[in-house]
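Hi everyone, thanks for making time. I'd like to walk you through a structure that's probably new to most of you, so let's get it up on the screen.

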Amino acid sequence: MQNKEKTTIRKIEFKRTESIYLIIRGAEVGVASGLICVLYRFLLQVAENGIDKVHEIVSGSPLKIALWLILVTLIGVIVSYINKWEPDAAGSGIPQTTGDVRGYFSLNWWRVSAAKIIGGTLSVFSGLSLGREGPSVQLGGMGGKGAARLTKSDRTSEIRMTSCGAGAGMSAAFNAPIAGTMFIFEEIHHGLDRSIMCMGIVATVVADFISKIFFGQDTIFHYDAEPFSLKLYPLVILMGALFGVFGTFYNVFMIKAQKLFKSIKGIPEPVKMGFVFLISGIVGLVMPQILCGGHRMTSLLMNDNPSLKMLIILFICKFLFGAFCFASGAPGGTLYPLCILGAYLGAICGDLSIDFLGISPDLRQDFVIAGMAALFASIVRAPLTGIILVFELTGNMNSLLPLAVVSLTSYAVANLIGTAPFYSILFEKAVEKTDSPSINTKSHEKVLQTFVVPVGSSIDGKKVSEIDWGKHCLIVSIDRNETPITPKGDTVIREGDVLVMMISQRRFQQDQTRIYNLINS
């Protein structure tokens, strides 16, 4: 038996030792991911402040405006070449990170990190409506992967550290460690792995701690919201349904915009990207509020209480400009911009309810934060992450119940309509470009993976020997009620069992997907 297989089995046999190992590795991931995301967050702040100063300098001078527009066009050309140098750094990076964890891709951690940081900073300096949060997920994942590679970790640890790094990146970007942990399971893994939970909690907390050292402990949104009266919950449910419909429209519109941009043939990519940045430069001169991730719109919403007409105008312009920027493939994320859209759509619903239903104006802020959670749930289809994320962003305990109701309603309606989750669509499109997994590793290396048997699974009640697991997969342990069971041919599988399986790295992507579908059928 190879050394790496012995290492994997040893981790299973010595649970207490493994727990310490996972905590230490989680701390490593938290430090690596936290520092790289803090650097990225700092550079984007410099970029946003820089574009404000540029607008002050060029204001009123046609010559300076022309020079600025030429500059942003050239920046767009540079970003295009950065994307060509490292294509996996384009866009938000969440689908690519998910593909890396699931065995579809093998991202070059340092190239992706360098391209994302440089390209993302240049994109924000040029005003593109892109946020830091999606890229922070990828940067965090690459930080975890880099830590694994530099310490010569086995493939199992590398997958875990990449996953937990992604959650740590979200934690550092939003100052939301619990949401970062939940994001690992709802978006990256679509399942619960106790080893990843242990490592992930440590990683997200450490990354959040590092972020707060540099940026302070204040929440991003600070609202003193009043609790909804119970008699208003039918309105909350209606709001959730409306957000579910809009969330599905958002997904369809963004994907079609991306498809339309890619369908433009005969024009070199540098020219196309330069045109996108030129438009961004023009938009910045006309409506600077909708630039970048949306922090200006956040400040406007929190401090200036804009009119209903202004809310609608800013919402529509932010949505269209965000779709235009996303379709280009420039490095940058959509997580924070979609939260801003949700906040503004929630504010619109709140103002309409106040004007036409006589609801107290004190509840306007409740509509704002409910809108953020509802739109996140309908677009990303990660309702628990959305609820916890908005709670951590606002720090308001009174908002939990309405957040849960509006998010779950929005999630259910979006699922009922039938469109796929946003990042799942992007993930599938990324996989379509790859004929086969690009993992470059020795064929004998094994990966340790866990699967939870859900209620109603087709394998519930069957013996181990009655199931075709595949010749490249081996069940090495079954955890039942916190007790490990050594599997035998006549061992009966029960719902709730945690199957610890060893999968050949050579066929990791195919076998992992096949076993997941088998267990969940």
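**Starting from a glycine**

Okay, let's begin at Gly144. Leaving aside residues up to four places away in sequence, Gly144 touches Val29, Ser33, Met161 and Thr162. Before I go on, do keep in mind that this is a predicted model.

So where does Gly144 sit? You'll find Gly144 in helix H6. Now take one of those contacts, Thr162: in sequence, Gly144 and Thr162 are 18 residues apart, yet from C-alpha to C-alpha the gap is 4.7 Å. And is Gly144 buried or exposed? Gly144 has a relative accessible area of 0%, so it counts as buried, the cut-off being under 20%.

Staying with helix H6 for a moment, let's move on to salt bridges. Lys145 pairs up with Asp100, and the N to O distance there is 2.8 Å. That salt bridge joins distant parts of the chain: Asp100 belongs to helix H4, residues 94-102, while Lys145 belongs to helix H6, residues 133-150, and 45 residues separate the two. Both partners, Asp100 and Lys145, are buried.

How many salt bridges are there? The count comes to 11. Let me show you a few others.

Have a look at Asp52 and Arg296. They form a salt bridge too, with the closest N and O atoms 2.3 Å apart. Here again, distant parts of the chain are linked: Asp52 is in helix H2, residues 15-58, Arg296 is in helix H12, residues 295-303, and they are 244 residues apart. Asp52 has a relative accessible area of 31%, so we call it partly exposed.

Next up is a pair within one helix. Lys272 and Glu269 meet through their side chains in a salt bridge, at 3.2 Å from N to O. Both lie in helix H11, residues 269-286, and they're 3 residues apart, which is about one turn of the helix. What about burial for these partners? Lys272 is buried, because its relative accessible area is 6% and the limit is under 20%. Glu269, on the other hand, is partly exposed at 42% relative accessibility.

One last stop, and this time it's a group. Which residues are linked in a network of salt bridges? They are Arg149, Arg155 and Glu158.

That's my tour. If you'd like to retrace it on screen, start with Gly144 in helix H6, then go to the salt bridge between Asp100 and Lys145. Over to you for questions.

Key. Residues are numbered from 1 along each chain as its sequence is written. This is a predicted model: local features need pLDDT of at least 70, side-chain atom pairs count only at pLDDT 80 or more; totals for chains, interfaces and linings use all residues. Side-chain values use heavy atoms; hydrogens and water are left out. A salt bridge is a side-chain nitrogen of Lys or Arg within 4 Å of a carboxyl oxygen of Asp or Glu. Helices (H or I, at least four residues) and strands (E, at least two) are DSSP runs, numbered from the N terminus. Buried means under 20% relative accessible area, exposed over 50%, partly exposed in between (1.4 Å probe, protein chains only). Contact means heavy atoms within 4.5 Å.
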